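Reader: I would like to learn how to read helix packing, sheet order and unusual backbone angles in a model of this kind. Could you take me through them one at a time?

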Amino acid sequence: MPRRAKFASALLRTAAALSRATGRGDGSVIGGRVGLIVEPRLLELLAEGRQVALISGTNGKTTTTRFTTAAVEAAGPVATNSFGANMPTGHTTALAKAPQAQFAMLEVDEHYLGQLLEAAHPKVVALLNLSRDQLDRAMEVTSLAGKWRDVLKGVEDVHIVANADDPLIVWAASVSPNVTWVGGGQRWQDDSTICPWCGKHLDRFGEYWRCTACGATRPSPQWSVSDFGDQVIGPDGSRYELDLQLPGRVNQANAAMALAIASIFGVHPAQAAPRLTSVKSVAGRYAKVQRDGRQLRLLLAKNPAGWLENFDMIEPNTPVVLALNAREVDGFDTSWIYDVDFTPLRGRQVYVIGDRRTDLAVRLQVDDVRFTVLEDINAAVSTVPAGPVEVVANYTAFQDIRKEFDRVN
C-alpha cells in the first residue's frame, strides 16, 4: 500500500486499541473513522487483492456473516466485522486488523451496499431479506429494494446469492445475470404482499409466491433447508447435516446462505457445514449468562420480523423478559410494536423493562398478555424464579444488558 495508507492503518489500530483499553467499545467505529480521515481511500486500498463477500439484509446479517466466516476459514484466514460494525468505518477496521487475510466476509448496512460495491469490488453479494425497520429514520422497504436493484444493474462480475422466498429480494437481484437462489422459508410476509414488478396482489402459499397479473413467481432455489431443518440441500441434491448451536428455523436458513456463499469461494459444503457448529453466540445474540441461580439467554429483536422469529425460539413454560428502548439508533417511534403479534406470550410469566417499558406494557395489554413492569435487568433477575429465562430486547436495550454482563459475546 502507499505510505499514507500504511500510516492511516497504523493510526486506525492505535485508536481502536485505545478505545478497547478505556472500555468504550471494541474500537471498530472510531478506528475506521481515524483511518479514513487520514486516507479517504483506505477502505478501497485495504480491500484490493482480496476475495470479498458483502452480506446485507434487514435481519440475520451478523449471524450469516459469522457462519460464512467460519465456513470460509477452511480455505484460509478471513477478515470480518464480526461484532456488527457494518458501515464503512467498521469495514475499514476489519480489513486493517487482518492485513494478511486473503478473504473478507463483511456485514453491510442496507443503506451502504452501493458504496461498498464501489469500494470493495466484491466477488459475492448476499441479499438476505427486507422488512420494515425504523421507518421514522430509514427508507421504506420497497424504496430500498429499488435502490438495490439500481446499484446491481450492470454489475456483471459479481455473483449474487439471494433469498428466493422474499419477493423484494428477488425483484432487486433479478437484474443480475449471475444469481444463486437460496430457500429457507420466510415467516414474516407482511412487507411483501404486493408484487414489486406490477403493484398487484401476490398469492402466497407458505414459502411459495406468485403474481397472477404479471406472472412473476418464486424462482426455484438451488440451495434449500430440509423440511425438518436438520439438513441443507445443495444444487446437485446432496444433503449436508446441520448441527447448529443457534436456535430457530431462521438460523437454519442463515446456515444455508452461508454454505452457498462459501461454495463460491471454493469451500465444499461437506467441509463447511461441520464448521458452523463452532458458532455458539454472535455479538451477544443467543449468549447464555449465569446470574444468581438464573440462566439467561439473550435474544435480539429489532423489528416486527425479528420479534416473530424470536417468539418461535423461546422455550415452552420459560419466563420471558422483554426490553424496549427508543433511542436514536432504535428509532424514536415505537408504534411498530403494534405490528408484532404478542399472543404467543399468553400464559407465560412476562416481565417488561427498558426506557419505553410503559409503551410495551400497553401493547401487551391489548393482546391480553399478563405482565409485570420492572425497573431494569437487575430487578428482573431478582424477581424471576431460579432457572432458565429468555430475554428479548431491541438494539440499545440489548446493548445495555450486554454491558451489564460485561459485554458478553
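Author: Let us begin with a helix pair, keeping in mind that this is a predicted model. The axes of helix H1 (residues 3-21) and helix H2 (residues 28-38) come within 7 Å of each other and cross at roughly 155°.

Reader: How are H1 and H2 oriented to each other, roughly parallel or roughly antiparallel?

Author: Angles over 145 degrees count as roughly antiparallel, and H1 and H2 are therefore roughly antiparallel to each other. The crossing of the two helices, H1 and H2, is right-handed.

Reader: Which residues make the contact between H1 and H2?

Author: From H1 the contact takes in Arg-4, Phe-7, Ala-8, Leu-11, Leu-12, Ala-15, Ala-16 and Ser-19, while H2 contributes Ile-30, Gly-31, Gly-32, Val-34, Gly-35 and Val-38. By class, the residues in this contact of H1 with H2 comprise nine nonpolar, four polar and one charged.

Reader: Turning to the sheet, in what order do its strands lie, and which strands stand at the edges?

Author: As a general idea, strands of a sheet pair through backbone hydrogen bonds, either parallel or antiparallel. Here an open sheet of nine strands follows the order E2-E3-E1-E4-E5-E6-E9-E10-E11, and its pairing is mixed. The edges are occupied by E2 and strand E11 (239-241), each of which has a single partner strand, so one side of each is left without a neighbour in the sheet. From one strand to the next the twist averages 20°.

Reader: In what sense does E3 pair with E1 and with E2, and over how many bridges?

Author: Strand E1 (residues 51-56) pairs with E3 in the parallel sense over six bridges, and the bridge partner of Ile-55 in E3 is Glu-107. Strand E2 (residues 78-80) also pairs with E3 in the parallel sense, over three bridges, with Phe-103 of E3 as the bridge partner of Val-78. E1 is joined in addition to strand E4 (residues 124-127) by four bridges, the two strands running parallel, and Leu-54 stands opposite Val-125 in E4. Helix H5 (residues 88-97) packs on the sheet, where it touches E2 and E3, and its direction makes about 160° with that of E3.

Reader: Which way do the residues of E3 point, and are they buried or exposed?

Author: In a regular strand the side chains alternate between the two faces of the sheet. In E3, Phe-103, Met-105 and Glu-107 point one way and Ala-104, Leu-106 and Val-108 the other way, and all are buried. Strand E3 (residues 103-108) is thus mostly covered, with six of its six residues buried.

Reader: What is the phi of Asp-292, and where does Asp-292 lie?

Author: Asp-292 has a positive phi of about 55° although it is not a glycine, and it lies in the loop between strand E12 (288-291) and strand E13 (294-300). With a relative accessible area of 58%, Asp-292 is exposed. Asp-368 can be read alongside: its phi is near 60°, again a positive value in a residue other than glycine, and Asp-368 is found in the loop between helix H12 (357-366) and E16. At 56% relative accessibility, Asp-368 counts as exposed.

Reader: Where is Glu-375 placed, and what is Glu-375 in contact with beyond its neighbours in sequence?

Author: Glu-375 sits in the loop between strand E16 (372-373) and helix H13 (377-383), and it is exposed, with a relative accessible area of 54%. Leaving aside neighbours within four places in sequence, Glu-375 is in contact with Ile-353, Gly-354 and Arg-357.

Methods:
Residues are numbered from 1 along each chain as its sequence is written. This is a predicted model: local features need pLDDT of at least 70, side-chain atom pairs count only at pLDDT 80 or more; totals for chains, interfaces and linings use all residues. Side-chain values use heavy atoms; hydrogens and water are left out. Axes are lines fitted to C-alpha atoms, for helices over the stretch in contact, and angles run from 0 to 180 degrees between N-to-C directions. Angles under 35 degrees count as roughly parallel, over 145 as roughly antiparallel, 65 to 115 as roughly perpendicular and the rest as oblique. A crossing is left-handed if the near helix is turned anticlockwise from the far one by less than a right angle, and right-handed if clockwise. Contact means heavy atoms within 4.5 Å. Ala, Val, Leu, Ile, Met, Phe, Trp, Tyr, Cys and Pro count as nonpolar, Asp, Glu, Lys and Arg as charged, and the others, Gly among them, as polar. Buried means under 20% relative accessible area, exposed over 50%, partly exposed in between (1.4 Å probe, protein chains only). Two strands pair if DSSP finds at least two bridges between them.
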